[in-house]
Amino acid sequence: MDFTTKIRKKQRLEEKSMYLIEYVYRILIVKKYLNLLAKLNIHPIMVTLINTLLFPCILYLIYLKYYILSAFLIQFYAIFDHTDGMLARYTGKQTYIGSRLDRFNDNIFFNAVFIMVALSADLSLYFALVAIVSMNLHNFFGLFYFPKKMKQFAKFKRFGLKKWFLDRNFILGIDASLLLSLFSIFLILHEFQLLFYIISFCYIFDLVYRIIEIKLNEREE
């Protein structure tokens, strides 16, 4: 089985709907060198360990106000974050420790980075708190509420912008890939307060949009 056939079977990359920025990382970047990593027998947990060492360095550099360097390292974190999971599924080397370590990295980093940016930029921690609550509320509904509700419908219908993007095999919303990209962009621009406003708005907007979609589906049944 050649690489293209195998990765389609293992990853469903061409058939699976993705977030826009996720597509950039997974298809346009990581997929290009995944076969090489597999041939070099690089274990996915090694990639995860790189991020375990990388994210405290990023937080420290943000605190020291090395924003441009931090922005670039955040992009490396994002690329490695996609690489370990894709490599694990592609090579069949998924491990319990690896998945838990990856989740630990993301949970700590995605929450701590808001606080560190606020401290570094001398902003009120209120901005960080609002963004953190918005993100975790969105994640909670995404894990426990939306999947359960959507299973109640024989066919769940999308509406508006989300439908337009889904018809083109993309998911409209905010995910980890977009979050990390926004951090990199606004760290470079030094627009920290705007960063918190935009991220909080994106999470709340997406949450409300999905709730409205569920209510519209309930009306049509």
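This report describes helix packing, selected side-chain contacts and two unusual backbone angles in a predicted model.

**Helix packing**

Three helix pairs are set out first, and their axis geometry is collected in the table.

| Helix pair | Axis separation | Crossing angle |
|---|---|---|
| H5 (residues 96-120) and H8 (residues 176-189) | within 12 Å | roughly 20 degrees |
| H2 (residues 20-39) and H8 | 7 Å | about 90 degrees |
| H2 and H4 (residues 67-91) | 9 Å | about 55 degrees |

Helices H5 and H8, whose axes cross at roughly 20 degrees, are therefore roughly parallel to each other, and H5 passes H8 in a left-handed crossing. On the H5 side the contact is formed by Phe-109, Phe-110, Val-113, Phe-114 and Val-117, and on the H8 side by Ala-176, Leu-179, Leu-180, Phe-183 and Leu-187. Sorted by class, the residues of this contact comprise ten nonpolar, no polar and no charged.

Helix H8 also packs against H2, with the two axes 7 Å apart and at an angle of about 90 degrees, so that H2 and H8 are roughly perpendicular to each other. Here Ile-21, Glu-22 and Tyr-25 of H2 meet Ser-177, Leu-178 and Ser-181 of H8. In this contact of H2 with H8 there are three nonpolar, two polar and one charged residues.

The packing of H2 with H4, at about 55 degrees and with axes 9 Å apart, falls outside both the range under 35 degrees that counts as roughly parallel and the range of 65 to 115 that counts as roughly perpendicular, and the two helices are therefore oblique to each other. In this case H2 passes H4 in a right-handed crossing. The residues that H2 brings to the contact include Glu-22, Tyr-25, Arg-26, Ile-29, Tyr-33 and Leu-37, while those from H4 include Gln-75, Ile-79, His-82, Met-86, Arg-89 and Tyr-90. By class, the contact of H2 with H4 divides into twelve nonpolar, five polar and four charged residues. Glu-22 and Tyr-25 of H2 thus appear in the contact with H8 and again in the contact with H4.

**Side chains of H6 and H9**

Two residues of helix H6 can be described together. Ser-134 is placed in H6 (residues 125-150), where its relative accessible area of 5% makes the residue buried. A polar atom of the Ser-134 side chain lies 2.8 Å from the backbone oxygen of Val-130. Leaving aside residues up to four places away in sequence, Ser-134 touches Ser-200, Tyr-203 and Ile-204.

His-138 is likewise found in helix H6, and His-138 counts as buried at 5% relative accessibility. Its side chain makes a polar contact of 2.7 Å with the side chain of Asp-206. Outside the residues up to four places away in sequence, the neighbours that His-138 touches are Ile-174, Tyr-203, Asp-206 and Leu-207; Tyr-203 is also among the residues touched by Ser-134.

Gln-193 belongs to helix H9 (residues 192-220) and, with 33% relative accessibility, counts as partly exposed. The side chains of Gln-193 and Tyr-197 are joined by a polar contact of 3.1 Å. Gln-193 also touches Leu-123 and Phe-127, again not counting residues up to four places away in sequence. The C-alpha atoms of Gln-193 and Ile-74, which are 119 residues apart along the chain, are separated by 19 Å.

**Loop residues and positive phi**

Most residues other than glycine have a negative phi. Asn-41, however, has a phi near 60 degrees, a positive value in a residue other than glycine. Asn-41 lies in the loop between H2 and helix H3 (44-63), and at 53% relative accessibility Asn-41 counts as exposed.

A positive phi of about 70 degrees is found at Asn-169, which is not a glycine either. Asn-169 sits in the loop between H7 and E2 and counts as partly exposed, its relative accessibility being 29%.

Asp-167 is also located in the loop between helix H7 (160-166) and strand E2 (170-171). With a relative accessible area of 51%, Asp-167 is exposed. The C-alpha atom of Asp-167 is separated by 34 Å from that of Val-113, the two residues being 54 residues apart along the chain; Val-113 is one of the H5 residues in the contact with H8.

Note on methods
Residues numbered from 1 in each chain as written. Predicted model: local features only at pLDDT ≥ 70, side-chain atom pairs only at ≥ 80, totals over all residues. Heavy atoms only, no water. Axes fitted to C-alpha atoms, helices over the stretch in contact; angles between N-to-C directions. Helix = DSSP H or I, 4+ residues; strand = E, 2+ residues; numbered from the N terminus. Parallel < 35°, antiparallel > 145°, perpendicular 65-115°, else oblique. Left-handed = near helix turned anticlockwise from the far one by under 90°. Contact = heavy atoms within 4.5 Å. Nonpolar A, V, L, I, M, F, W, Y, C, P; charged D, E, K, R; others polar. Buried < 20%, exposed > 50% of the residue type's maximum accessible area, 1.4 Å probe, protein only. Polar contact = N/O pair within 3.5 Å; in protein donor to acceptor, adjacent residues only side chain to side chain.
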